[in-house]
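Here is a note for a colleague who is coming to this structure for the first time, set out as numbered points that can be checked against the model one by one.

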Amino acid sequence: MTPAEALRRAAALAAQGRFRVEPNPPVGCVLVKGGRVVGEGWHARWGGPHAEVRALKAAGEAAKGATAYVTLEPCGHKGKTPPCADALVRAGVKEVVYARPDPNPVTAGVGPARLAEAGIGVRRAPGGAQATKALLEAYLAHLPNKRPWVIAKWAMTLDGRIASRRGDSRWITSPQARNWAHRVLRGGVDALVVGEGTVRADDPDLSNRVGKGQPLRVVVCGRRPLPRGAKVLRGRQPTLLAVPEHYRTPRGGVEVVRCGTGRRVQVRRLLKALYDRGVRRVLVEGGGDLLGSFFDRKLVDQVCAFVAPKVVGGLGAVNPVAGQGVPRLDDAFELAHAERRELGPDFIVEGYVRR
């Protein structure tokens with residue numbers, strides 16, 4: 001395998017991590033020794049092993065003396081996982097070729113410097129930045145933002161409804177789709193955000209019932225206290241109430257953050273409060289008013305919409321995204337790198353919100 005082929009393969013692997021690793025960049029790694037691939041990997045989920053670590057694990061002892069081809073320079077700092085540069089040094093690779101330097105000032109240049117200090121050859125591939133440009137569009141656009149990555153999620157019928165005219169919303173999608181949403185979406189974020197209307201209408205417990213990882217439960221309140229028996233106020237899973245200045249908070253072990261005036265929470269201030277406590281990836285599940293407020297303020301980075309082959313109809317039925325909306329179709333939010341997949345009888349559409 002030639003260096004150009006190895007980098008193309010690494011880019012194809014990296015693309016498999018889209019929608020699962022942000023705000024980190026999708027990264028792929030291929031280990032080549034004696035002209036053949038001995039290991040490969042990609043960053044598959046937020047908080048999980050990086051591409052280099054997965055490739056090294058796949059290669060085992062064969063990684064010693066191999067050349068690592070990576071779409072982005074190996075990180076040299078400890079975040080949710082240890083530095084990849086250290087893992088490459090321990091594995092004994094002889095050379096690292098990367099397509100693009102990391103623009104993040106926290107880690108830029110640290111990884112390559114550590115590799116060089118350990119006597120490992122390290123160089124940037126000519127033309128690599130252009131070859132991996134599409135992979136890093138979302139990462140580069142979000143990098144200056146000092147706020148979490150925001151995923152907007154909803155489930156709707158073919159006619160765009162999230163409930164009947166009487167408010168019945170269980171269940172729009174199939175068990176397959178709901179299990180996927182728990183395992184992949186709720187299990188892959190730091191916090192799950194809903195509005196008080198959703199708590200009143202559905203009384204959800206906002207837990208991840210499939211797989212690992214329990215996100216922080218965040219309820220955006222604004223008018224009147226939540227029902228005392230609400231499931232979101234019970235259990236061991238932590239809950240945070242985002243409230244305006246004069247909201248009357250409930251008694252008990254529920255944490256409160258005041259991030260609004262009058263009767264409304266300012267979602268930008270909420271995101272800052274979450275970011276300050278270490279939250280980097282947020283799933284906003286609605287309802288429509290809450291999702292609309294995030295869209296109106298251009299705070300949505302990714303969309304995951306579930307569509308069920310059902311028709312509800314009715315003038316009183318509810319739409320998934322409310323808010324002010326855009327004045328013209330030319331102003332509509334468009335999705336970049338949109339993908340569609342089937343889950344049982346339903347399908348989902350995912351994509352980045354184009355800036």
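1. A good place to begin in this predicted model is the salt bridge between R9 and E40, whose closest N and O atoms are 2.6 Å apart. R9 belongs to helix α1 (residues 3–15) and E40 to strand β2, so the pair ties together parts that are 31 residues apart in sequence. R9 counts as partly exposed, with a relative accessibility of 33%, and E40 is likewise classed as partly exposed, at 27%.

2. The search of the whole structure gives 16 salt bridges, and one of them joins the side chains of R20 and E350, with 2.6 Å from N to O. Because R20 sits in the loop between α1 and β1 while E350 is part of strand β16 (residues 346–353), this pair ties together parts that are 330 residues apart in sequence. R20 is counted as buried at 13% relative accessibility, and E350 is counted as buried at 0%.

3. What else does the side chain of E350 meet in a salt bridge? The partner is R341, at 2.8 Å from N to O, so that R20, R341 and E350 are linked in a network of salt bridges. Within this network R341 is partly exposed, its relative accessible area being 29%, whereas E350 is buried.

4. Another arginine that deserves attention is R281, which is placed in strand β13 (residues 281–286) and counts as buried at 2% relative accessibility. Its side chain reaches the backbone oxygen of G188 at 2.7 Å, and a polar atom of that side chain lies 2.4 Å from the backbone oxygen of E22. Leaving aside neighbours within four places in sequence, the residues in contact with R281 include F19, R20, V21 and E22, as well as W46, P148, W149 and D190. R20, one of these contacts, is also a member of the salt-bridge network described in the previous point.

5. Turning to the strands, five of them form an open sheet with mixed pairing, in the order β2-β1-β3-β4-β5. The edges are formed by β2 (36–42) and β5 (121–124), each of which pairs on one side only, and neighbouring strands of the sheet are turned against each other by 15° on average, direction ignored. The edge strand β2 is also the one that holds E40, the partner of R9 in the first point.

6. Inside this sheet, strands β3 (residues 67–70) and β4 (residues 95–98) run parallel and are joined by four bridges; in one of the pairings, T67 has E95 in β4 as its bridge partner. Helix α2 (residues 51–59) lies across β1 (28–33), β2 and β3, and runs at about 140° to β2.

7. How many disulfides does the model contain? The count is zero, and C84 is a useful case to inspect, since the nearest cysteine sulfur, that of C75, is 3.6 Å away, whereas a disulfide requires the two sulfur atoms to be within 2.5 Å. C84 is buried, with a relative accessible area of 1%. C259 is also in no disulfide, the nearest cysteine sulfur being that of C221 at 9.9 Å, and C259 is buried as well, with a relative accessible area of 2%.

Terms used. Residues numbered from 1 in each chain as written. Predicted model: local features only at pLDDT ≥ 70, side-chain atom pairs only at ≥ 80, totals over all residues. Heavy atoms only, no water. Buried < 20%, exposed > 50% of the residue type's maximum accessible area, 1.4 Å probe, protein only. Pairing = 2+ DSSP bridges. Helix = DSSP H or I, 4+ residues; strand = E, 2+ residues; numbered from the N terminus. Axes fitted to C-alpha atoms, helices over the stretch in contact; angles between N-to-C directions. Contact = heavy atoms within 4.5 Å. Polar contact = N/O pair within 3.5 Å; in protein donor to acceptor, adjacent residues only side chain to side chain. Salt bridge = Lys/Arg side-chain N within 4 Å of Asp/Glu carboxyl O.
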